[in-house]
Amino acid sequence: MVHFTSVKDIGPLDQAISEAFEVKRNKFADSSLGKHRTALLIFFNSSLRTRLSTQKAAENLGMNVIVLNVQQGAWNLETRKGTIMDGDKPEHLLEAIPVMGCYADIIGVRSFARFEHKEDDYSEMILDQFIKYSGRPVISMEAATRHPLQSFADHITIEEYKTKEKPKVVLTWAPHPKALPQAVPNSFAEWMVAAGYHVIITHPRGYELDEHFTQGAEIVYDQQEAFRGADFIYAKNWAAFRDTVYGKVLNTDSSWMVDNRKMELTDNGYFMHCLPVRRNMVVTDDVLDGPRSLVIPQAANREIAAQVVIRRILKNLTQFDL
Ligand code: CP
(Lines give C-alpha, C1' and ligand atoms only; values in the text may rest on other atoms or scores of the structure.)
Protein backbone atom coordinates (compact mmCIF):
# COMPACT_ATOMS: atom_id res chain seq x y z
CA MET A 1 0.00 0.00 0.00
CA VAL A 2 1.29 3.48 -0.88
CA HIS A 3 -1.53 5.88 0.07
CA PHE A 4 -4.72 5.12 2.00
CA THR A 5 -7.70 7.21 0.96
CA SER A 6 -10.49 4.70 0.26
CA VAL A 7 -11.52 1.04 0.39
CA LYS A 8 -9.83 0.60 -3.01
CA ASP A 9 -6.42 1.05 -1.38
CA ILE A 10 -6.78 -1.82 1.08
CA GLY A 11 -7.04 -4.68 -1.41
CA PRO A 12 -8.93 -7.91 -0.61
CA LEU A 13 -11.09 -7.22 2.43
CA ASP A 14 -10.92 -10.74 3.87
CA GLN A 15 -7.13 -10.35 4.04
CA ALA A 16 -7.43 -6.91 5.67
CA ILE A 17 -9.80 -8.34 8.29
CA SER A 18 -7.41 -11.25 8.99
CA GLU A 19 -4.58 -8.77 9.46
CA ALA A 20 -6.77 -6.68 11.77
CA PHE A 21 -7.47 -9.70 13.99
CA GLU A 22 -3.77 -10.56 13.97
CA VAL A 23 -2.86 -7.00 15.06
CA LYS A 24 -5.58 -7.10 17.71
CA ARG A 25 -4.18 -10.30 19.19
CA ASN A 26 -0.74 -8.72 19.60
CA LYS A 27 -0.46 -4.97 19.05
CA PHE A 28 3.25 -4.95 19.79
CA ALA A 29 4.43 -7.73 17.47
CA ASP A 30 5.95 -5.16 15.08
CA SER A 31 7.11 -2.62 17.62
CA SER A 32 10.45 -2.09 15.83
CA LEU A 33 9.04 -1.72 12.31
CA GLY A 34 8.72 2.06 12.60
CA LYS A 35 11.95 2.73 14.48
CA HIS A 36 13.50 6.07 13.38
CA ARG A 37 10.42 6.78 11.27
CA THR A 38 8.14 9.75 11.87
CA ALA A 39 4.40 10.02 11.39
CA LEU A 40 3.18 13.60 10.96
CA LEU A 41 -0.54 13.90 11.69
CA ILE A 42 -2.02 17.13 10.35
CA PHE A 43 -5.43 18.30 11.52
CA PHE A 44 -7.32 21.06 9.72
CA ASN A 45 -10.34 20.08 11.87
CA SER A 46 -11.04 18.89 15.40
CA SER A 47 -10.71 15.24 16.44
CA LEU A 48 -10.72 13.01 19.49
CA ARG A 49 -10.74 9.40 18.22
CA THR A 50 -8.74 9.83 15.03
CA ARG A 51 -6.02 11.82 16.74
CA LEU A 52 -5.60 9.40 19.65
CA SER A 53 -6.04 6.12 17.77
CA THR A 54 -3.73 7.01 14.89
CA GLN A 55 -1.04 8.28 17.25
CA LYS A 56 -1.38 5.14 19.38
CA ALA A 57 -1.22 2.87 16.32
CA ALA A 58 1.94 4.58 15.03
CA GLU A 59 3.53 4.34 18.47
CA ASN A 60 2.64 0.63 18.74
CA LEU A 61 4.78 0.24 15.62
CA GLY A 62 7.69 2.15 17.16
CA MET A 63 7.22 5.39 15.23
CA ASN A 64 7.81 8.92 16.44
CA VAL A 65 4.66 11.00 16.08
CA ILE A 66 4.23 14.73 15.49
CA VAL A 67 0.71 16.16 15.66
CA LEU A 68 0.10 19.51 13.97
CA ASN A 69 -3.16 21.37 14.54
CA VAL A 70 -3.22 23.81 11.66
CA GLN A 71 -5.62 26.19 13.40
CA GLN A 72 -3.44 26.37 16.53
CA GLY A 73 0.07 27.71 16.16
CA ALA A 74 0.81 27.07 12.46
CA TRP A 75 0.60 29.78 9.80
CA ASN A 76 -2.86 30.20 8.39
CA LEU A 77 -2.69 28.32 5.07
CA GLU A 78 -4.01 29.37 1.68
CA THR A 79 -5.34 26.35 -0.15
CA ARG A 80 -6.61 27.57 -3.55
CA LYS A 81 -4.18 27.88 -6.44
CA GLY A 82 -3.81 31.23 -8.27
CA THR A 83 -4.96 33.33 -5.31
CA ILE A 84 -3.46 36.80 -4.75
CA MET A 85 -2.30 36.31 -1.17
CA ASP A 86 -3.14 39.76 0.20
CA GLY A 87 -5.40 38.47 2.98
CA ASP A 88 -4.91 36.80 6.35
CA LYS A 89 -3.16 33.66 5.03
CA PRO A 90 0.62 34.13 4.88
CA GLU A 91 1.61 30.64 3.65
CA HIS A 92 0.40 28.49 0.76
CA LEU A 93 -0.10 24.75 0.90
CA LEU A 94 2.15 24.47 -2.16
CA GLU A 95 5.19 25.29 0.01
CA ALA A 96 3.87 24.02 3.32
CA ILE A 97 3.25 20.49 2.04
CA PRO A 98 6.76 19.73 0.70
CA VAL A 99 8.20 21.32 3.86
CA MET A 100 6.11 18.94 5.98
CA GLY A 101 7.35 16.10 3.78
CA CYS A 102 10.92 16.95 4.81
CA TYR A 103 10.17 16.02 8.41
CA ALA A 104 7.96 12.95 7.97
CA ASP A 105 8.00 9.43 6.60
CA ILE A 106 4.20 9.11 6.59
CA ILE A 107 1.66 11.95 6.62
CA GLY A 108 -1.89 11.68 7.95
CA VAL A 109 -4.30 14.44 6.92
CA ARG A 110 -7.70 15.44 8.27
CA SER A 111 -9.44 17.97 6.06
CA PHE A 112 -13.24 18.07 6.01
CA ALA A 113 -15.51 19.32 3.26
CA ARG A 114 -15.84 23.08 3.61
CA PHE A 115 -19.18 23.42 1.81
CA GLU A 116 -17.86 26.51 -0.03
CA HIS A 117 -17.25 24.98 -3.46
CA LYS A 118 -18.67 21.53 -4.11
CA GLU A 119 -16.11 20.88 -6.86
CA ASP A 120 -13.23 21.60 -4.42
CA ASP A 121 -14.70 19.21 -1.86
CA TYR A 122 -15.56 16.42 -4.29
CA SER A 123 -12.21 16.68 -6.13
CA GLU A 124 -10.48 16.24 -2.72
CA MET A 125 -8.49 19.40 -3.44
CA ILE A 126 -6.54 19.39 -0.18
CA LEU A 127 -5.88 15.66 0.24
CA ASP A 128 -4.76 15.40 -3.38
CA GLN A 129 -2.26 18.24 -2.94
CA PHE A 130 -0.68 16.31 -0.07
CA ILE A 131 -0.44 13.24 -2.30
CA LYS A 132 1.05 15.26 -5.17
CA TYR A 133 3.49 17.50 -3.31
CA SER A 134 4.59 15.81 -0.06
CA GLY A 135 6.59 12.98 -1.64
CA ARG A 136 5.33 10.79 1.21
CA PRO A 137 2.66 8.14 1.70
CA VAL A 138 -0.53 9.89 2.76
CA ILE A 139 -3.28 8.50 5.00
CA SER A 140 -6.72 10.10 4.98
CA MET A 141 -7.81 10.76 8.56
CA GLU A 142 -11.16 11.95 7.10
CA ALA A 143 -11.12 13.99 3.96
CA ALA A 144 -13.92 15.82 2.17
CA THR A 145 -15.65 12.77 0.73
CA ARG A 146 -14.49 9.73 2.71
CA HIS A 147 -13.44 8.59 6.20
CA PRO A 148 -11.78 5.26 5.36
CA LEU A 149 -10.12 4.60 8.75
CA GLN A 150 -13.57 4.85 10.33
CA SER A 151 -15.13 2.56 7.72
CA PHE A 152 -12.37 -0.01 8.17
CA ALA A 153 -12.93 0.05 11.96
CA ASP A 154 -16.68 -0.31 11.36
CA HIS A 155 -16.03 -3.30 9.11
CA ILE A 156 -13.82 -4.95 11.75
CA THR A 157 -16.56 -4.35 14.36
CA ILE A 158 -19.30 -5.88 12.22
CA GLU A 159 -17.11 -8.91 11.49
CA GLU A 160 -16.64 -9.35 15.26
CA TYR A 161 -20.34 -9.14 16.12
CA LYS A 162 -22.18 -10.55 13.09
CA THR A 163 -24.03 -13.86 13.37
CA LYS A 164 -24.83 -14.19 9.64
CA GLU A 165 -22.48 -14.42 6.69
CA LYS A 166 -24.12 -11.44 4.97
CA PRO A 167 -25.82 -9.30 7.61
CA LYS A 168 -28.39 -6.63 6.80
CA VAL A 169 -26.67 -3.31 7.49
CA VAL A 170 -28.79 -0.15 7.54
CA LEU A 171 -27.30 3.33 7.27
CA THR A 172 -29.86 5.80 8.56
CA TRP A 173 -29.80 9.58 8.33
CA ALA A 174 -30.57 11.16 11.72
CA PRO A 175 -31.29 14.76 12.68
CA HIS A 176 -28.59 17.23 13.73
CA PRO A 177 -28.61 21.00 14.21
CA LYS A 178 -25.52 21.66 12.07
CA ALA A 179 -24.47 20.88 8.51
CA LEU A 180 -22.19 17.83 8.58
CA PRO A 181 -20.11 16.45 5.70
CA GLN A 182 -21.05 13.33 3.75
CA ALA A 183 -17.65 11.68 4.28
CA VAL A 184 -18.71 9.11 6.88
CA PRO A 185 -21.90 7.95 5.10
CA ASN A 186 -20.19 7.95 1.66
CA SER A 187 -17.31 5.91 2.95
CA PHE A 188 -19.45 3.57 5.04
CA ALA A 189 -21.80 2.82 2.13
CA GLU A 190 -18.93 2.20 -0.27
CA TRP A 191 -17.07 -0.02 2.20
CA MET A 192 -20.11 -2.06 3.28
CA VAL A 193 -21.07 -2.79 -0.34
CA ALA A 194 -17.46 -3.84 -1.03
CA ALA A 195 -17.69 -6.14 2.02
CA GLY A 196 -20.61 -7.93 0.35
CA TYR A 197 -23.21 -7.08 3.01
CA HIS A 198 -26.89 -6.40 2.31
CA VAL A 199 -26.78 -2.59 2.52
CA ILE A 200 -29.83 -0.34 2.92
CA ILE A 201 -29.65 3.45 3.13
CA THR A 202 -32.61 5.35 4.57
CA HIS A 203 -33.04 9.12 4.70
CA PRO A 204 -35.68 11.80 4.10
CA ARG A 205 -36.13 12.81 0.46
CA GLY A 206 -33.58 15.47 -0.47
CA TYR A 207 -30.68 13.84 1.38
CA GLU A 208 -29.63 11.54 -1.47
CA LEU A 209 -25.87 10.87 -1.40
CA ASP A 210 -23.57 10.83 -4.43
CA GLU A 211 -24.43 7.63 -6.32
CA HIS A 212 -20.74 7.06 -6.89
CA PHE A 213 -20.58 5.92 -3.25
CA THR A 214 -23.97 4.26 -2.86
CA GLN A 215 -24.15 2.02 -5.93
CA GLY A 216 -24.93 -1.51 -4.79
CA ALA A 217 -26.95 -0.25 -1.82
CA GLU A 218 -30.74 -0.08 -1.72
CA ILE A 219 -32.36 3.29 -0.92
CA VAL A 220 -35.51 3.07 1.23
CA TYR A 221 -37.24 6.33 2.18
CA ASP A 222 -39.38 4.75 4.90
CA GLN A 223 -37.08 4.48 7.93
CA GLN A 224 -39.20 1.90 9.78
CA GLU A 225 -39.42 -0.33 6.73
CA ALA A 226 -35.63 -0.08 6.40
CA PHE A 227 -35.11 -1.11 10.03
CA ARG A 228 -37.22 -4.30 9.78
CA GLY A 229 -35.00 -7.37 10.23
CA ALA A 230 -31.78 -5.35 10.30
CA ASP A 231 -28.68 -6.76 12.02
CA PHE A 232 -26.85 -3.45 12.32
CA ILE A 233 -28.19 0.10 12.42
CA TYR A 234 -25.59 2.76 11.63
CA ALA A 235 -26.85 6.26 12.40
CA LYS A 236 -25.28 9.40 10.98
CA ASN A 237 -26.35 12.85 10.01
CA TRP A 238 -25.24 14.47 6.76
CA ALA A 239 -26.04 17.67 4.92
CA ALA A 240 -27.62 17.73 1.45
CA PHE A 241 -25.45 16.73 -1.51
CA ARG A 242 -27.53 17.94 -4.48
CA ASP A 243 -26.07 20.99 -6.27
CA THR A 244 -28.72 23.61 -5.44
CA VAL A 245 -28.75 22.75 -1.72
CA TYR A 246 -25.20 21.43 -1.30
CA GLY A 247 -24.07 21.59 2.33
CA LYS A 248 -27.46 22.70 3.63
CA VAL A 249 -29.58 21.36 6.50
CA LEU A 250 -32.97 20.71 4.88
CA ASN A 251 -34.71 19.61 8.05
CA THR A 252 -34.03 18.47 11.60
CA ASP A 253 -37.09 16.23 11.78
CA SER A 254 -36.89 14.60 15.22
CA SER A 255 -39.03 11.68 14.02
CA TRP A 256 -35.83 10.35 12.37
CA MET A 257 -34.01 9.99 15.72
CA VAL A 258 -33.11 6.36 16.54
CA ASP A 259 -34.97 5.09 19.60
CA ASN A 260 -35.78 1.73 21.20
CA ARG A 261 -39.17 1.51 19.47
CA LYS A 262 -37.40 1.53 16.11
CA MET A 263 -34.62 -0.80 17.30
CA GLU A 264 -37.35 -3.31 18.21
CA LEU A 265 -38.14 -3.60 14.49
CA THR A 266 -34.66 -5.03 13.88
CA ASP A 267 -33.52 -8.64 14.27
CA ASN A 268 -32.08 -7.90 17.72
CA GLY A 269 -29.84 -5.47 15.83
CA TYR A 270 -26.82 -3.61 17.06
CA PHE A 271 -26.58 0.18 17.12
CA MET A 272 -23.51 1.86 15.60
CA HIS A 273 -22.28 5.44 15.30
CA CYS A 274 -18.80 6.81 14.54
CA LEU A 275 -18.99 9.39 17.37
CA PRO A 276 -19.13 12.15 18.42
CA VAL A 277 -22.89 11.83 18.69
CA ARG A 278 -25.55 14.26 19.91
CA ARG A 279 -27.65 12.44 22.49
CA ASN A 280 -31.42 12.66 22.17
CA MET A 281 -30.99 14.32 18.78
CA VAL A 282 -29.42 11.51 16.71
CA VAL A 283 -30.16 8.67 19.16
CA THR A 284 -31.85 8.32 22.53
CA ASP A 285 -29.86 7.74 25.72
CA ASP A 286 -31.35 4.28 26.24
CA VAL A 287 -30.21 3.00 22.83
CA LEU A 288 -26.75 4.54 23.15
CA ASP A 289 -26.27 3.23 26.70
CA GLY A 290 -27.99 -0.09 26.00
CA PRO A 291 -26.49 -3.56 25.61
CA ARG A 292 -26.71 -3.54 21.78
CA SER A 293 -24.69 -0.33 21.36
CA LEU A 294 -21.32 -0.87 19.65
CA VAL A 295 -20.03 2.70 19.71
CA ILE A 296 -17.16 1.97 22.11
CA PRO A 297 -15.96 -1.22 20.32
CA GLN A 298 -16.05 0.79 17.08
CA ALA A 299 -13.85 3.48 18.63
CA ALA A 300 -11.47 0.83 20.02
CA ASN A 301 -11.14 -0.68 16.55
CA ARG A 302 -9.97 2.67 15.17
CA GLU A 303 -6.55 1.87 16.65
CA ILE A 304 -6.53 -1.53 14.96
CA ALA A 305 -7.58 -0.15 11.57
CA ALA A 306 -4.92 2.56 11.71
CA GLN A 307 -2.27 0.04 12.76
CA VAL A 308 -3.01 -2.30 9.83
CA VAL A 309 -2.76 0.64 7.41
CA ILE A 310 0.44 2.11 8.89
CA ARG A 311 2.06 -1.31 9.14
CA ARG A 312 1.44 -1.99 5.45
CA ILE A 313 2.78 1.42 4.49
CA LEU A 314 5.91 0.99 6.62
CA LYS A 315 6.59 -2.36 4.97
CA ASN A 316 6.34 -0.65 1.60
CA LEU A 317 8.43 2.43 2.42
CA THR A 318 11.45 1.53 0.32
CA GLN A 319 9.40 2.63 -2.72
CA PHE A 320 9.81 6.15 -1.44
CA ASP A 321 13.62 5.96 -1.54
CA LEU A 322 14.09 6.90 2.10
N1 CP B 1 -15.15 9.20 14.47
C2 CP B 1 -14.18 10.13 14.42
O3 CP B 1 -13.49 10.32 13.40
O4 CP B 1 -14.00 10.80 15.58
P5 CP B 1 -13.12 12.12 15.73
O6 CP B 1 -13.76 13.17 14.85
O7 CP B 1 -13.17 12.48 17.18
O8 CP B 1 -11.73 11.84 15.26
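# Asking the model how we know

Modeller: Let's start with phenylalanine 115, which sits in the loop between S5 and helix H4 (118-122). Keep in mind that this is a predicted model.

Biologist: What is the phi of phenylalanine 115?

Modeller: Phi of phenylalanine 115 is near 60°, a positive value in a residue other than glycine. Glutamate 142 also has a positive phi, near 105°, and again the residue isn't glycine. You'll find glutamate 142 in the loop between strand S6 (138-140) and H6.

Biologist: Why does glutamate 142 count as buried?

Modeller: Buried means under 20% relative accessible area. Glutamate 142 comes out at 8%, so the buried label applies.

Biologist: And what makes tyrosine 197 buried?

Modeller: Its relative accessibility is 7%, which is under the 20% cut-off, so tyrosine 197 counts as buried too. Tyrosine 197 lies in the loop between helix H7 (183-194) and strand S8 (198-202). Leaving out residues up to four places away in sequence, tyrosine 197 touches a list of residues that includes His155, Ile158, Pro167 and Met192.

Biologist: What makes the pairing of tyrosine 197 and glutamate 159 a polar contact?

Modeller: The distance is part of it: the side chains of tyrosine 197 and glutamate 159 are joined at 2.4 Å. The limit for a pair of N or O atoms is 3.5 Å, so 2.4 Å is within it.

Biologist: Now glutamine 307. Why is glutamine 307 called buried?

Modeller: Its relative accessibility is just 2%, and the cut-off is 20%, so glutamine 307 is buried. Glutamine 307 belongs to helix H12 (residues 295-315). A polar atom of its side chain lies 2.7 Å from the backbone oxygen of lysine 27. Beyond its neighbours within four places in sequence, glutamine 307 is in contact with Val23, Lys27, Ala57, Asn60 and Leu61.

Biologist: Val23 belongs to H1, doesn't it? Which residues in H1 are buried?

Modeller: Yes, and the buried ones are Leu13, Ala16, Ile17, Glu19, Ala20 and Val23.

Biologist: How do you know that they line one face of the helix?

Modeller: Look down the axis of H1: the buried residues fall within an arc of 160°, so they line one face. Here's the general idea: an α-helix has 3.6 residues a turn, so residues three or four places apart point the same way. On the face of H1 turned away from the buried side you find the exposed residues Asp14 and Arg25. The cover over the buried residues of H1 includes helix H6 (148-161), H7 and H12.

Biologist: How far does helix H1 reach, and what is expected?

Modeller: H1 (residues 13-25) has 13 residues and reaches 18 Å from first C-alpha to last, close to the 18 Å expected at 1.5 Å a residue. Helix H2 (residues 49-60), with 12 residues, reaches 16 Å, close to its expected 16 Å.

Biologist: Last one: how much area is buried between domain 1 and domain 2?

Modeller: About 2,600 Å², with carbon and sulfur atoms giving 68% of it. Phenylalanine 115 turns up again here: Phe115, Lys118 and Arg302 supply 27% of the area that domain 1 buries against domain 2, more than any other three residues. Domain 1 covers 7-146 + 302-321, and domain 2 covers 149-298. Across the boundary, 31 residues of domain 1 are in contact with 33 residues of domain 2.

Key
Residues numbered from 1 in each chain as written. Predicted model: local features only at pLDDT ≥ 70, side-chain atom pairs only at ≥ 80, totals over all residues. Heavy atoms only, no water. Helix = DSSP H or I, 4+ residues; strand = E, 2+ residues; numbered from the N terminus. Buried < 20%, exposed > 50% of the residue type's maximum accessible area, 1.4 Å probe, protein only. Polar contact = N/O pair within 3.5 Å; in protein donor to acceptor, adjacent residues only side chain to side chain. Contact = heavy atoms within 4.5 Å. Expected span 1.5 Å × (residues − 1). Arc of directions from axis to C-beta. Domains from an automatic or database assignment. Buried area = accessible area lost by both parts, 1.4 Å probe.
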